Amino acid sequence: MQDFAGKVAAITGAGSGIGRALAYELARYGARLALSDIDEDAVRETAALALKQGASETVATRVDVSDRHAVQAWADETAGYFGTVNLVVNNAGVALTATVEEMEWDDFEWLMGINFWGVAYGTKAFLPHLRRSRDAHIVNISSVFGLMGIPTQSAYCAAKYAVRGFTESLRQEMRMSNSGIRVTTVHPGGIKTNIARSARAAQGLDAGELAVSFDRLARTSPDRAARIILRGVKHNRARVFVGPDATAIDIGQRALGVGLETLVRRFAGRSLPLGPARPAATTRPGTKSAG
Ligand SMILES: NC(=O)c1ccc[n+]([C@@H]2O[C@H](COP(=O)([O-])OP(=O)(O)OC[C@H]3O[C@@H](n4cnc5c(N)ncnc54)[C@H](O)[C@@H]3O)[C@@H](O)[C@H]2O)c1
C-alpha cells in the first residue's frame with residue numbers, strides 16, 4: 001500500500017496508545033477510519049480528533065474484541081458502510097503480571113480472549129472483505145514478548161507467540177493463493193502507553209509500582225510507533241520491530257537462542273516482582289493505583 005489517502009482503515013483498540021496514534025497518523029494522510037474500542041468515550045474522542053487532523057471520514061464503534069459475534073458484526077458494518085476495506089490493524093491488547101503458579105484462570109482467559117482471540121476474530125471477520133479489495137493489508141500486533149519468554153508474563157507471551165504463529169501462517173497462505181492480501185506482524189518493544197495502567201496483576205503486587213517501572217522501560221512514543229508501523233505497511237514488511245529495544249531483542253534472540261534467557265533472568269532478578277508464592281488472587285483493572 002503506497003498511499004493511505006482515501007483508504008479505509010479499521011483499527012481495534014483505537015481509544016488509546018498505539019491504536020490512537022495509528023488513527024491520527026492515518027488521518028494526516030486523509031484515510032477513512034473505522035475505529036473501535038471497548039471504551040466508547042475514548043474511541044469517540046479519537047475519532048473526533050482524527051477528523052480535525054485530516055481524516056476524510058471516521059466511524060467510532062464500541063467493540064469488545066473478545067466477542068466473536070461483535071467483531072464479525074463490526075467488520076460487516078464497516079465494509080457495508082464504506083463499500084470496501086483496505087487496512088485492518090488488530091491492535092487491542094491488555095497486560096497481566098503474575099507467575100504461572102499465582103495466575104488465576106479468569107485472568108489468563110481474559111487476556112487470551114483479547115490478545116489472541118481478538119486478533120483471530122478480527123482477521124477472519126475482515127478477510128472476505130479484504131479479498132474484494134484491490135489494495136489490502138492486515139497488520140497484527142504481537143510484541144517482543146512474542147519473541148522470548150519472560151517471567152511473570154506467561155499469559156502475555158503465550159498470546160503474543162500465538163499471534164505471531166497465526167499471522168506468519170496467514171502470510172504464507174495469502175502468498176501461496178496469490179490473494180494480493182499483504183500481512184505484517186508487528187513486534188513493539190516498550191511503548192509509552194496506558195497498557196500498564198489497565199493491567200491486571202497477581203495479589204500482593206503493587207500495580208502502581210509496576211506501572212512506574214513500565215514507564216521507565218518504555219522509551220518509544222506511540223506516535224513514533226505508529227510511523228514505524230505504517231512505514232512497514234508501505235514497504236510490505238513481513239515483520240516490523242518497533243523501537244531500538246525490539247531490534248536488540250530480535251538480534252539477541254537470533255544470536256543467543258535460549259542463551260538470551262540468562263540475560264533475561266539477570267535483568268528480571270533486578271526489576272520483576274518475583275519471590276515466594278503469594279496467596280493467589282488478583283488486582284482488577286480500574287483499581288487506578290497507577291499515576
Ligand atoms: N505498550 C507497549 O509497550 C507494547 C509493547 C508490545 C506490544 N504492545 C501491544 O500493542 C497493542 C496496543 O497496546 P497499547 O500499548 O497501545 O495499550 P493501551 O492500553 O494504551 O491501548 C489498548 C487499547 O485497547 C483497548 N481494549 C482493551 N480491551 C479491549 C477489548 N476487550 N476490546 C476492544 N478494545 C480493548 C483499551 O481500551 C485501549 O484503548 C496491544 O496489543 C499491546 O499488547 C504494546
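Are Asp107 and Arg200 buried or exposed?

1. Asp107 is buried, and Arg200 is buried too. This is a predicted model, and the points below should be read with that in mind. The two residues form a salt bridge in which the closest N and O atoms lie 2.6 Å apart. The pair ties together distant parts of the chain, with Asp107 in helix α4 (residues 105-131) and Arg200 in strand β8 (residues 200-202), 93 residues apart.

2. The structure has 11 salt bridges. One of them joins Arg239 to Glu168, with 3.0 Å between the closest N and O atoms. This pair also links distant parts of the chain: Arg239 belongs to strand β9 (residues 239-242) and Glu168 to helix α5 (residues 154-176), and 71 residues separate them. Arg239 counts as partly exposed, at 31% relative accessibility. Glu168 has a relative accessibility of 22% and therefore also counts as partly exposed, since the cut-off for buried is under 20%.

3. On the subject of networks, Lys7, Asp135 and Arg182 are joined into one by salt bridges that share partners.

4. A salt bridge within a helix is found at Glu25 and Arg28, both in helix α1 (residues 17-28). Their closest N and O atoms are 2.6 Å apart. Because the two residues are 3 apart in that helix, about one helical turn separates them. What is the relative accessible area of Glu25? The value for Glu25 is 11%, so this residue is buried. Arg28, at 47% relative accessibility, counts as partly exposed.

5. Strand β4 (residues 87-90) is worth a look residue by residue. Leu87 and Val89 point one way, Val88 and Asn90 point the other way, and all of them are buried. The pattern is expected, because side chains in a regular strand alternate between the two faces of the sheet.

6. Which strands pair with β4? Strand β1 (residues 8-11) pairs with β4 in the parallel sense, over 3 bridges. In that pairing, Ile11 stands opposite Val89 of β4. Strand β6 (residues 136-141) also runs parallel to β4, and 4 bridges join the two. Here Asn90 stands opposite Asn140 of β6. Val89 and Asn90, the β4 residues named in these two contacts, are buried and point opposite ways from the strand.

7. Turning to the surface, Arg224, Arg227, Arg231 and Arg237 gather there in a patch of positive charge. Which helix holds Arg231? Arg231 is placed in helix α7 (residues 222-234). The relative accessible area of Arg231 is 47%, so this residue is partly exposed. A patch of this kind takes residues with over 30% relative accessible area and no salt bridge, and the value of 47% for Arg231 is over that limit.

8. How far apart are Gln2 and Arg231 in sequence and in space? They are 229 residues apart in sequence, while the C-alpha to C-alpha separation is 9.4 Å. Gln2 sits in the segment before β1, whereas Arg231 is in helix α7. Gln2 has a relative accessibility of 62% and therefore counts as exposed, the cut-off being over 50%. Arg231, at 47%, is partly exposed.

Definitions and conventions
Residues are numbered from 1 along each chain as its sequence is written. This is a predicted model: local features need pLDDT of at least 70, side-chain atom pairs count only at pLDDT 80 or more; totals for chains, interfaces and linings use all residues. Side-chain values use heavy atoms; hydrogens and water are left out. Patches are made of residues with over 30% relative accessible area and no salt bridge: like charges are joined within 9 Å, nonpolar side chains (Val, Leu, Ile, Met, Phe, Trp, Tyr) within 5 Å. Accessible areas come from the Shrake-Rupley method with a 1.4 Å probe; for residues, only the protein chains shown count as cover. A salt bridge is a side-chain nitrogen of Lys or Arg within 4 Å of a carboxyl oxygen of Asp or Glu. Lys and Arg count as positive and Asp and Glu as negative; His and the chain ends are not counted. The place of a charge is taken as NZ of Lys, CZ of Arg, CG of Asp or CD of Glu. Buried means under 20% relative accessible area, exposed over 50%, partly exposed in between (1.4 Å probe, protein chains only). Two strands pair if DSSP finds at least two bridges between them.
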